[in-house]
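Visitor: Could you walk me through this model and tell me how each label is earned?
Guide: Gladly; let us look at it together and take the labels in turn.

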Amino acid sequence: MAIRYLLGHELRSVESASPTETVLDHLRGVQHRPGTKEGCAEGDCGACTVVIGDLHNGAMRYRAVNSCIQFVGTLHGKQLIAVEDLADDDLHPVQQAMVAAHGSQCGFCTPGIVMSLFAQYRNSAGFDAQETADALAGNLCRCTGYGPIVTAAEMALKDRVPDQFDARAQETIAQLRAISEGGADDPGYFAPRNSNELASLYQAHPAATLVAGGTDVGLWVTKQHRKLDPVISLAEIADLQTIRETDTDIVIGAGVTYAQLLPVIAPLWPDFAEILRRLGSAQIRNVATIGGNIANGSPIGDGPPCLIALGARIVLRQGDARREIALQDFFLGYGKQDRRAGEFVETILLPKPKAGWVFRAYKISKRFDQDISALLGAFHLRIDGGKVADIQIAFGGMAAIPKRALAVENALRGQPWNAAQIEIAAKLFMEDYQPIGDMRASAAYRGKVAANLLKKCFIELSDPVTETRVAFAGRRTHG
C-alpha cells in the first residue's frame, strides 16, 4: 500500500519509495522543495529541520525533526511541513520576525532555524528564553548570528497570533484520520500498528532492521551507505509509546521518545532528566526512543547507565513469549546483547523512587550540549546513620558496555560515608573497568575522571553549600 501523507495541506502518495529513502532526499528530489538543506547528513547541524504534524490524543502535535535521517515511510498518516509551506498570503510570523530582526546571515542554515522556531511557535504560549535556547540548540549557525535569531523568536512569540495551521486544524485532523485507516506496508518496508503485529513480523523476518527514531540507523544509510531490506518501522506502534505506573514500577514502552520521558522523569530524578536534555537536540529527543538506545547496545549511550543504577529491568518479547531480565545483564560485550533472533525490547520497568535513596548523574563531554559522552557516571545510594546502607554505580564510556562498578560498590556498602572511605573506593574503578581510549578521551583520563565523579557525588551529598555544578543559561546543570 502507498505511503500517504500531507505535504503542507496537500495530499501526497508515494508508491515505490526505497525503504531507506530519507525525507530530505524525498523533499528535494521528488517534491522539488529545495528550501530544506543538507549539512551534516547525521542529525547534528539542523539545516535539514522540518516539522512533522500528527494526531496525539485527538489533537494536532507538531515536532521538529531532522529530515536527513528520517525515512519516507515514517511520514505515513502525518503532515510534513517544510519551510515553503509556512507562508500563506503573507509570510508566517516567524519568517516575518526573522526578516525584521535581520536573523539570516549567509542563509544556508536559515530554513532549519525557521522550522525550529515554527515548532516552538506551535507549542509555546509565549516567549521563554530558555525554551528558545533549547529549541535552537540543534541548529548550528556558522555565521554565529544567534543574537538576531533570538530577537526574532521573541518578536514572533511574545504576541503570538493564530496562524494558518490553527485555522485549518480541524480540516487537517480529518485528513489525517482518513489517511491513517490504511497501512504503509510493502515488500521492503513494514509498519505494524501494534506490538502483536510486530512480534509476528519479526519472527517471520528475523534479519529485518527495526527502526524506531532512526537517529542511529539513519546514519547506517547516510554515512555507511548500507542497504537495509527489509525494514520494520516501530513508528506507528501506539502501545509501545505509552508510559504507565504499577504499584512498584514506571512501565515505559520501548517506543517512548526522550521528549515524552523527560517530563515524567524530571520531578523524580532531576539529574536523569538533565542527562536526557543534554543527550541531543529537540529534533533528536522528539524521535529517539529509550528502547532504541538500549537495543543498539552502544557503550556510550546516556540512558543505560542511569537506568542500570536505578535498577531497571527490561521485558524482551519473541512472538508470544516474554522474558524479564535486569538491564545490566542485557549487555554482554561490544555490539553483543542478550537478544535472540526475532526478539525485541518491549518495555522498560523502572522502579519507583524509594524513601531515603538519592540519585546523582554526571555527563562529561567536550561540548556541553548535544555531544557524545566521553563518560557518564550514575550514582544511586542510600545513607543511613552515616553509613552507606546500599549503593549502585553504573558508568557508560568506561568499557565496551555500560556496566556496574561492583568493586567500588562493595568497598562502600556498609562502610562510613566519609572522605577516607571514598579515597579507598575511588582507586578501585580500574578493577571494575578497562577504560577505552579513543578520540574523546584517553583511558587514563577516563579512570581519573570516574574517581573524581565519585568524590563529586560525596561532596554534593555531604556539603550542600559547596557549589559543584556548571551554571549554564541561568540553570544549575550537571557538567
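**How the labels are earned**

Guide: Let us start with Thr-257, which is buried at a relative accessible area of 7%. Please keep in mind that this is a predicted model.

Visitor: Why is Thr-257 called buried?
Guide: Buried means under 20% relative accessible area. Thr-257 has a value of 7%, so the label buried applies.

Visitor: Where is Thr-257 placed, and what is it in contact with?
Guide: Thr-257 is in the loop between strand S10 (249-253) and helix H10 (258-265). Apart from neighbours within four places in sequence, Thr-257 is in contact with Arg-285, Asn-286, Val-287, Ala-288 and Thr-289.

Visitor: On to the cysteines. How many disulfides are counted?
Guide: The count comes to zero disulfides. A disulfide is a covalent bond between the sulfur atoms of two cysteines, and the cut-off used here is 2.5 Å between the sulfurs.

Visitor: Why is Cys-40 not bonded to Cys-45?
Guide: The sulfur of Cys-45 is the closest cysteine sulfur to that of Cys-40, and the two are 3.8 Å apart. A disulfide needs the sulfurs within 2.5 Å, so this pair is too far for a bond. Cys-40 is also buried, because its relative accessible area is 17% and the limit is under 20%.

Visitor: And what rules out a bond for Cys-141?
Guide: Again it is distance: the closest cysteine sulfur, in Cys-109, is 4.0 Å from the sulfur of Cys-141, so the pair is too far for a bond. Cys-141 counts as buried, at 8% relative accessibility.

Visitor: Now the sheet. In what order do the five strands come?
Guide: The order is S2-S1-S5-S3-S4, in an open sheet with mixed pairing.

Visitor: What makes S2 and S4 edge strands?
Guide: Strand S2 (10-14) and strand S4 (59-66) each have a single partner strand, so one side of each is left without a neighbour in the sheet. Neighbouring strands here are turned by 30° against each other on average, direction ignored.

Visitor: How do you know that S3 and S5 pair?
Guide: Strands pair if at least two bridges are found between them. Strand S3 (residues 49-56) and strand S5 (residues 79-81) share three bridges, so they pair, in the antiparallel sense. As for a bridge partner, Gly-53 has Gln-79 in S5.

Visitor: Which helix lies across these strands?
Guide: Helix H7 (residues 169-179) lies across strand S1 (3-7), S2, S3, S4 and S5, and runs at about 170° to S1.

Visitor: Let us turn to the rings. How many aromatic pairs are found in the whole structure?
Guide: The search finds ten aromatic pairs.

Visitor: Why is the pair of Tyr-62 and Phe-165 called edge-to-face?
Guide: The ring centres are 6.4 Å apart, and a pair needs them within 6.5 Å. The planes stand at 75°, and over 60 counts as edge-to-face, so the name applies. The pair links distant parts of the chain, with Tyr-62 in strand S4 and Phe-165 in helix H6 (residues 164-167), 103 residues apart. Both Tyr-62 and Phe-165 are buried.

Visitor: What makes the pair of Tyr-362 and Phe-379 tilted?
Guide: The ring centres of Tyr-362 and Phe-379 are 5.9 Å apart, with the planes at 55°. That angle is neither under 30 nor over 60, so the pair is tilted. Tyr-362 lies in strand S16 (residues 357-364) and Phe-379 in strand S17 (residues 375-384), so the pair ties together parts that are 17 residues apart in sequence. Tyr-362 is buried, with a relative accessible area of 0%, and Phe-379 counts as buried at 0% as well. Tyr-362 and Phe-379 belong to one aromatic cluster with Phe-395, Phe-429 and Tyr-433.

Visitor: Which arginine lies over the face of Phe-368?
Guide: Arg-278 does, at 3.8 Å from the ring centre. Arg-226 lies over the face of Trp-220, at 4.1 Å from the ring centre.

Visitor: And the backbone: what is the phi of Ala-41?
Guide: Ala-41 has a positive phi of about 60° although it is not a glycine. Ala-41 is in the loop between helix H1 (23-30) and S3, and is buried at 9% relative accessible area.

Notes: Residues are numbered from 1 along each chain as its sequence is written. This is a predicted model: local features need pLDDT of at least 70, side-chain atom pairs count only at pLDDT 80 or more; totals for chains, interfaces and linings use all residues. Side-chain values use heavy atoms; hydrogens and water are left out. Buried means under 20% relative accessible area, exposed over 50%, partly exposed in between (1.4 Å probe, protein chains only). Helices (H or I, at least four residues) and strands (E, at least two) are DSSP runs, numbered from the N terminus. Contact means heavy atoms within 4.5 Å. Axes are lines fitted to C-alpha atoms, for helices over the stretch in contact, and angles run from 0 to 180 degrees between N-to-C directions. Rings of Phe, Tyr and Trp (its six-membered ring) pair if their centres lie within 6.5 Å; planes under 30 degrees apart count as stacked, over 60 as edge-to-face and the rest as tilted. A charge sits over a ring if NZ of Lys or CZ of Arg is within 6 Å of the ring centre and within 35 degrees of the ring normal.
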